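Visitor: I am new to protein models. Could you walk me through this one and tell me how each label is earned?

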Amino acid sequence: MTRLQMVGFCVLALAGTAGVCAALFPHASLSRAEAAAARTALPMEEFDLVDLGDDYGPLTVFELVGYYLDNPPPPETVVTVSRKKHFGGC
């Protein structure tokens, strides 16, 4: 291959990639209404039910936050934090 063919291939590959990205971008992006709705905060009473499976069933976000506040996770201590172990090599 000559240098001109190599440069031509690179230019065509980049142009093809940019064309595919430009063609698929509208399908991957959110509409203005969806983006505005995603930026708007909702009170936790307006969220849908969260289904936690057969054990607990559907619960409201209000109940989940209340449970978390009543039963916070234990703080991490030196004993509970595990070190990353390296096997093999240096």
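**How the labels are earned**

Guide: Gladly! Buried residues make up 3% of the 90 residues in the protein chain. Please keep in mind that this is a predicted model.

Visitor: What makes a residue count as buried here?

Guide: Its relative accessible area has to be under 20%, while over 50% means exposed.

Visitor: Then why is M6 called partly exposed?

Guide: M6 has 42% relative accessibility. The label "partly exposed" covers values between 20% and 50%, so M6 receives it. You will find M6 in helix α1.

Visitor: What makes M1, M6 and F9 a nonpolar patch?

Guide: Nonpolar side chains, Met and Phe among them, are joined within 5 Å if their residues have over 30% relative accessible area and no salt bridge. M1, M6 and F9 form such a patch on the surface, and together they have about 390 Å² of accessible area.

Visitor: How do you know that α1 has close to the expected length?

Guide: Helix α1 covers residues 3-28, which is 26 residues. From its first C-alpha to its last it reaches 37 Å, and the expectation at 1.5 Å a residue is 38 Å.

Visitor: Where does α1 bend?

Guide: The bend is at A22, by about 25°, and the proline P26 follows within four residues.

Visitor: Which elements does the protein chain have, and in what order?

Guide: There are 3 helices and 2 strands. Starting at the N terminus, they run α-α-β-β-α.

Visitor: How confident is the predictor in these residues?

Guide: The protein chain has a mean pLDDT of 87, and 87% of its residues reach 70 or more. Among the elements, α1 has the highest mean, 96, and helix α3 (residues 61-70) the lowest, 91.

Methods: Residues are numbered from 1 along each chain as its sequence is written. This is a predicted model: local features need pLDDT of at least 70, side-chain atom pairs count only at pLDDT 80 or more; totals for chains, interfaces and linings use all residues. Side-chain values use heavy atoms; hydrogens and water are left out. The expected span of a helix is 1.5 Å times one less than its number of residues. The bend at a residue is the angle between axes fitted to the seven residues ending there and the seven starting there. Buried means under 20% relative accessible area, exposed over 50%, partly exposed in between (1.4 Å probe, protein chains only). Patches are made of residues with over 30% relative accessible area and no salt bridge: like charges are joined within 9 Å, nonpolar side chains (Val, Leu, Ile, Met, Phe, Trp, Tyr) within 5 Å. Accessible areas come from the Shrake-Rupley method with a 1.4 Å probe; for residues, only the protein chains shown count as cover. A salt bridge is a side-chain nitrogen of Lys or Arg within 4 Å of a carboxyl oxygen of Asp or Glu. pLDDT is the predictor's confidence in each residue, from 0 to 100.
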